[in-house]
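Visitor: I have a model to look through and would like to know what stands behind the terms used for it. Could you take me through it?

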Amino acid sequence: MRRIILQGLMTILLFFGTWYALTQIDWIKIFKVKQVTVKTEQKLGELFWEVFKKSEIEMNNAHVLHSIDSIVSHICKANKIDRGKLKVHVLNKEDINAFALPNGHLIIYSGLILNSDNQEELAGVISHEIAHIELNHVMKKLVKEIGLSVLISMTTGNSGTEVIKETAKMLSSSAFDRNLEKEADIKAVDYMLNANVNPEPFADFLYKLSETEHESTKYLTWISTHPDSKERAEYIIEYSKAKGTEFKPILTNETWGKLKITLKGME
Amino acid sequence: MIHIKKFSYEPGEHEAEAASSSYLMSLIAIIVGVPLPIVNLIATLIFYLGNKKSTYFVRWHCTQALLSQLSMLFINSFGFWWTISILFTDETITSRYIAYVIAAIIFNLTEFVATIYTAIQTRKGIHIEWWFYGSLTNLICRSKS
């Protein structure tokens, strides 16, 4: 009997030993798994951005772009995020929406800026989207929803333009799963606190827009696709409460005011 | 790892054929069973149950074939669910995962080769006892006489 147990244990040990020995090799590097992913992501980012570029109007007003860039750069600098890898685009559309595409493309609709009561609300949404990019949620969602093989076939030109359009639309109009959303919310609060931006207005923004009476409900893509806004607002408040810091606005009141006036004039 | 031992009696032609089939059964099941790990176990289990009332030699080899599938079931099931979680959840491909797959392939191949060898030998009426599984089978499967 003892011999059998010993032999059994040795067999188990042999398997785990083999596994352990094999883990000492960097297989990811050998099989170039990451490179494939990086290249695929770059190509997908271009493909999806092309879809929006063709169908929407990109803003090129210097003041609008400069103001948004100030917010994004401020958040990136305070959180040691490489600003260069983010490609921010502002589109002239009344929907209250912002979303991330592969390879660091961050799309912001003018409707979101116009419906933000203050710059902290906008900074909150931007931080949330940067968090999705930094946490690699975009690629995770794509792989989960449509599969790596379809994604690769898109980049090699073996997929129809309709599939690419539909996938791009899906990225702009559907949320990530609950855990990923929460992870991005918490990360966004961290980003804001590090950047001395008050996260409370971000929570208020969620509260405010979850009210159905709000005048802009029909354009509320960002909120309608992000479920349980009230619950999210609550844990954002709860999480940020414990970490008191001094808050400072990123843009001056004049710049923020001018930004909204400029956008209103373009509607 | 594999020992040729003398069985308590000389198996007949019919017995050798049935015993050899139990390994062939698991061999076919391995091919299907790598992506769907439960198949190997079910196949050998059916064969085992079907030969429960057979002669000692046949029963012995059916038991050894069944037991050998059990450990592969654990290894392959873990690999199977790990792969599923990579495909459908946030889990990503890591060096640890690739190392596991390679280790699983090595063990599956070893078992595959050992199974072919044992199937050939038992067909000739030669009694083969595997490391660990042979001793375990001796413990479970006893002669009725």
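Visitor: What share of the 267 residues of chain A count as buried?

Guide: Of the 267 residues of chain A, 48% count as buried; the term means under 20% relative accessible area, with exposed over 50% and partly exposed in between (1.4 Å probe, protein chains only). Please keep in mind that this is a predicted model, in which local features need pLDDT of at least 70, side-chain atom pairs count only at pLDDT 80 or more, and totals for chains, interfaces and linings use all residues. Residues are numbered from 1 along each chain as its sequence is written, chains are lettered from A and ligands numbered from 1 in the order in which they are written, and side-chain values use heavy atoms, leaving out hydrogens and water.

Visitor: Which domains does the assignment give for chain A?

Guide: Domain 1 covers 1-31 and domain 2 covers 32-266; such bounds come from an automatic or database domain assignment. The C-alpha centres of these two domains of chain A lie 45 Å apart.

Visitor: How many aromatic pairs are there over all chains?

Guide: The count is 19, where rings of Phe, Tyr and Trp (its six-membered ring) pair if their centres lie within 6.5 Å; planes under 30 degrees apart are stacked, over 60 edge-to-face and the rest tilted.

Visitor: Why is the pair of B:Phe7 and B:Tyr9 called edge-to-face?

Guide: Their ring centres are 5.3 Å apart and their planes stand at 65 degrees, so the pair is edge-to-face. B:Phe7 has a relative accessible area of 13%, so this residue is buried, while B:Tyr9, at 29%, is partly exposed.

Visitor: What makes B:Trp82 and B:Tyr100 a tilted pair?

Guide: The centres are 5.7 Å apart and the planes make 50 degrees; that angle is neither under 30 nor over 60. The pair links distant parts of the chain, with B:Trp82 in helix H3 (residues 56-88) of chain B and B:Tyr100 in helix H4 (residues 95-123) of chain B, 18 residues apart. Helices (H or I, at least four residues) and strands (E, at least two) are DSSP runs, numbered from the N terminus. B:Trp82 has a relative accessible area of 10% and is therefore buried, and B:Tyr100 is buried at 3%. Both belong to one aromatic cluster, whose members include A:Phe15, A:Trp19 and B:Phe107.

Visitor: How do you know that E1 and E2 of chain B pair?

Guide: Two strands pair if DSSP finds at least two bridges between them, and strand E1 (residues 2-5) and E2 of chain B have four, in the antiparallel sense. B:Ile4 stands opposite B:Ile128 in E2(B). Both faces of strand E2 (residues 127-130) of chain B are covered, with B:His127 and B:Glu129 buried on one side and B:Ile128 and B:Trp130 on the other.

Visitor: What does the largest nonpolar core hold?

Guide: It has 66 residues, and those with the most contacts inside it include A:Phe48 and A:Leu142. A nonpolar core is a set of buried Ala, Val, Leu, Ile, Met, Phe, Trp, Tyr and Cys residues joined through side-chain atoms within 4.5 Å. Helix H10 (residues 178-194) of chain A gives the largest share of this core, eight residues. Apart from this core lies another, of 16 residues, among them B:Trp82 and B:Tyr97.
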